[in-house]
Each structure stands twice: as structure tokens, then as C-alpha cells.
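Work through these exercises with the model on screen. Try each task before reading its solution.

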Amino acid sequence: MSMSKGNFNIPYPINEPVLSYAPGTPERDEVRITYRMLFEQDPIDVPMYIGGLEVRTSDKRPMSPPHDHRHVLGHFNYGDHTHVQAAIDSALAVRQSWSSLPWNERAAVFLKAADLIAGPYRAKINAATMLAQSKNIFQAEIDAACELIDFLRFNAYYLQEIQNVQPDSQDGIWNRMEYRGLEGFVFAVTPFNFTAIAANLCAAPALMGNVVVWKPADSQVYSAQVIMEVFKAAGLPDGVINMVTCDGPVAGEVVFKHPDLAGLHFTGSTGVFRHLWSEIGANISRYKNYPRIVGETGGKDFVLAHHSADVHELVTGLIRGAFEFQGQKCSAASRAYIPQSLWEETKALLIDQVAKLKMGSPEDFENFVTAVIDQRSFFKIEGYLKFLAESSEVEILTGGGADKETGYFIEPTIAVTTNPQSKTMVEEIFGPVLTIYVYKDDEFERVIDLVDTTSEYALTGAIFAKNRHVIESVTRKLENAAGNFYINDKPTGAAVGQQPFGGARGSGTNDKAGSVLNLWRWTSARTIKETFVPPTNFRYPFMDKD
Ligand code: NAD
């Protein structure tokens, strides 16, 4: 129960409007100037943030834009187990004071952070995301600005809703529920691909009264430091969120053996999540509490077209779904099932439109496709391209090329396979590669099963159809194939408050980021019963003599 002196009201938020960045708009000039300034300034030195300290080490790791990997934006400081330990200590030192702060005060910190990003930090966090993750301006805006602002504002509203969930009270008693932060610290481990996710995996537990040790992905540190700058500017007390940059397993070695581990908030690949879960399992008897485990992981997201679909709608969904941010969204369309009767027209349109996608630096706003995140990812995707080029079951329709001379560029690639179980229909590639299986129109029912059973994941998926019976039956039959299911739309671009996001099966615990469901995981409720006039004799009436 908060100690607030009033039932304060956070109004229901509206989604942050996405700015257009069209020629002539002020935001276009501002973000371009900021990008250039960050690109040209002297290399920066990003510390770890541990308690109130900015910690630097002698192990400096370079940060470079993926589209211009010889240019050094700065360095970050690689830590070791001592820094992880210090981060845990700093978090636990402020746990009491932070978790006892009234909920409205905690909400105010993050509402202020949202307004800082919407206003004075918007150009900076977008430009940093363009540089760190090679997003074009639109992809940066919908992530680092809008989605992050929405996470912060909607979560503050949901926190308020949670306070209002209170039990019944009968005559003579008063029952209450207190929404406590977890007793310990939360370990947030975040992926490279969304600045908003990185911030939210820390902010959501912190909002609920928890203290956090955060390990960002190495390739996201350049934009992660802007998140820390915003949190500080918003008045987040030192030690509530501690950012350590170090090797994942090194952090895990300290964190997973610590008796005060209260939760893991993870987004990243399925293999890593399974490993972290098993580490927690192996150490379960060490902990004072059972750690909450929340993980959103990989996807092999499908587009299923029925012969009643509109081909132009389908093709737009495929191109945006597969190639925006180079297919590096967990929700990216990476396998598609197209009926024979629509294939010639679909194929011609796909080839025609992909030829119009420009690729290059995000500083040139005409570019739709930019670079993939790093060399490791480049080689991994290139391996899939080689597989496609060599496979006798495959025809490559567009792309297939890769060039890392200046940046890690992979051409938007569409392949058609005759084998619906081939490697690129099954495995998450995390790059701009779409594989299509063309089916005979009368095999539609079999294809629904194929969609359901082909991969271990169940994150997002889409049906394109006009026939209402088909839409209904596919929606029902694919009930467990995706946590986010789209009808006549691309499977990407979920908005906070509108399409709560997450999947099941191999794709995660489906705790729906950007909804109240996620916040429930970060509180440990205490029930309080108060009796006003307590009984003074142990005897019950049934015990009286007949
Ligand atoms: P990743 O799994 O390689 O890394 C995620 C984080 O885990 C990084 O911070 C990394 O350093 C850390 N890590 C790796 N090994 C570790 C270990 N042994 N101990 C502790 N930490 C460790 O993922 P990535 O490449 O950064 O992100 C891409 C993946 O994230 C894709 O699989 C994608 O589908 C998934 N993703 C899922 C969602 C979702 O909502 N379902 C959203 C975004 C990304």
C-alpha cells in the first residue's frame, strides 16, 4: 500500500505520435544535425554505471556504426566479476529506500523520462540508435522514441491499475493487498535490436519497486548510455538501475549464484534463455526466493496467404515484414506460404518492389535497408545465403549477395523452396532473408498444419485472406502458433497498449511486454487482514452441550 496522501490519477495515455521526418519538417533537420555531430565528435568513453559511480577499466572496447565499421564512435569499458558484484551490492543498498517510495513518486520518475525522450532527448536517442544499431530514421523513431515513451507511460498507468486491485472485506474486517517489490534484485539482460526493449527490461521492474542489475548487449552500448543519461536526468536515484558491460557468462557466474537473485528479465535468443533458465534451476537451493523468470526469445514468423488474398496487400506485408530493420526483429516475416494461383503475380510484384529498395547508410534517408548489426551476424547470415545458393531445392528470386567492405550489408533476399521443411523455413536467421513455399490451392488445410508444426517458435504470424470462413478457421487452428496473430497485416510493429507483445513455445514465457501482465511478474503481493473487534474466547457455539 502506498503511503501517498491521496488517490492520484494518471490519465490513460495515448500512443506517442510517430513523427514523419518528411522533407521540410523540423525533426528531419534536427536528427540529421545530431547524427552528424555524434558521428564527428571526439570518440566518447562510456562508463559502467554502478551506484552513483561512473566506472572505467583498462579494457576498452570500440563502438562503430554497423554501416561504417571502420569509424570509431568511442569505447566502452569492459568489466569483470568484481563489477557485477559491485552492481549487485549497489542495487541491494538502495532496495529498501526505493521500494518504500510511494508508487506515484516512482511513476513520476518514469513519466518524466518519457517526456524527456519525447522532447529534448528525442533527436539524440534516435541518432544514437541509427548509429549503434544502423536503423533508418523511421525504424529509430518507432523504437527508441515512440515505443520507449509508450512503455514508460503505459506502464505507469498499469502500475496505478494494479494498486486498485484490492480484495473483498466482510463485516468486522478490512483486507488489503500491498504490491511490494521483489525481495532482492532483478537481473535484466537485453538484446541489441531494440533500444526500447533494453530500457523497458530495466524500467518495468524498477517502476514496480525493484532494483536492477542491467547487462546490455555489447553492440547496443552506444544507445544504452543515452538511456542511462535519460534515467539520471529524470531523477532516478543512484543504484536503482546499474549498468554493467561485460561478458554475459561472467555476469551470470556472479548473478546466478547470488542468494538475493529475485528475477531475470530477459530478451534475446532462445538458446541463451534456456541456458540462463537452467543456471537458475541448478542454483535454486541457494536463493532466498524463487526467482521470477521472464524471457522473450526467438521467432520464425510466418505469413500464410489464402487464394482469396489481395496480392498488393500481401506483397507490402511481406516486404515490410521481412526487410524492415534488415529482418532483425524477433517478429520479422521469414517464411511465407503462397498459393499457386497467386504465385505468378506475387512473384513479379516482389521482384519489382525489392529492386526499388535502396540500401546504405541510414544518414541517407532514401535508404530503406541498412546494415546488419555486426561481423558475427554478417557471417551467420552469409552462411544461410550460401546454403540457399547451393541448394537444389531453392531458387533465389532477389538478392543473395553480401558485402562487408564498408558496412555489414546483406541484400534483401527472397528464395523459393520446394521443401517446406528446409533449413531456412525452420531456423531463425535474423537477417533480411525470406523463404517462400508455393503450395497447390487445394492443399490449404495441409498447409495450415505445416505452418503450425514447422518451427519450434510461436511468436508472430499473419493470415492474408478475404474469405471470412477462412480467416475464422485459420485463426482457430493456429491458436498456439503465435502469441501475436495478424489478419491482413504484416507480423511486425506491435504498439504498446494496442498489441501486447510476446509468444509462447520456444519464443518465450509470453508475459506480454507493454501490458499489465508483464508488470504483475515484478511484484510480490502481501495480503493484510485486520480484524476490528477480535474474539476473546476460543470456544465455538458447536461445542456447547446439547
Ligand atoms: P542474444 O541471445 O545473443 O543476446 C541477448 C543478451 O544475452 C545479450 O545481452 C548477451 O550479451 C546476453 N548473453 C548471451 N549469452 C549469455 C550468457 N551465457 N549469460 C548471460 N548473458 C548472456 O540475442 P541478440 O542477438 O542480442 O538479440 C536477438 C535475439 O533476440 C533474437 O533471437 C530475437 O528473436 C530475440 N528477440 C526477441 C524479442 C521478443 O520479444 N520475443 C524481442 C527482441 C529480440
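**Exercise 1.** Which polar backbone atom is 3.1 Å from an oxygen atom of the ligand?

*Solution.* This is a predicted model: local features need pLDDT of at least 70, side-chain atom pairs count only at pLDDT 80 or more, and totals for chains, interfaces and linings use all residues. Residues are numbered from 1 along each chain as its sequence is written, and side-chain values use heavy atoms, with hydrogens and water left out. The backbone atom belongs to Phe-192. The pair is a polar contact (N or O atoms within 3.5 Å). Gly-268 also offers a polar backbone atom, 3.3 Å from a ligand oxygen. Lys-215 uses a polar side-chain atom, 2.9 Å from an oxygen of the ligand. The protein covers 87% of the 850 Å² of accessible area that the ligand has on its own (Shrake-Rupley method, 1.4 Å probe).

**Exercise 2.** Describe the shell around the ligand.

*Solution.* Start with the count: 27 residues surround the ligand, each with a heavy atom within 4 Å of it. Among those that come nearest are Thr-190, Ser-269 and Glu-428. Next, sort by class: 14 are nonpolar, 10 polar and 3 charged; Gly counts as polar. Then turn to secondary structure, taken from DSSP runs (helices H or I, at least four residues; strands E, at least two). α8 (248-255), β10 (261-267) and α9 (270-282) each supply at least two shell residues. The largest share, 3 residues, comes from α9.

**Exercise 3.** Which domains contribute at least three residues each to the shell around the ligand?

*Solution.* Both domain 1 (26-67 + 99-297 + 508-529) and domain 2 (301-487) do. The bounds come from an automatic or database domain assignment. Over C-alpha atoms, the domain centres are 31 Å apart. In contact (heavy atoms within 4.5 Å) are 25 residues of domain 1 and 26 of domain 2. The two domains bury about 2200 Å² between them, 58% of it on carbon and sulfur atoms. Buried area is the accessible area (1.4 Å probe) lost on being put together, summed over both parts. On the domain 1 side, Pro-66, His-67 and Phe-192 lose the most area to domain 2, together 25% of what that side buries. Phe-192 thus returns from Exercise 1, where its backbone meets a ligand oxygen at 3.1 Å.

Technical notes: Polar contact = N/O pair within 3.5 Å; in protein donor to acceptor, adjacent residues only side chain to side chain.
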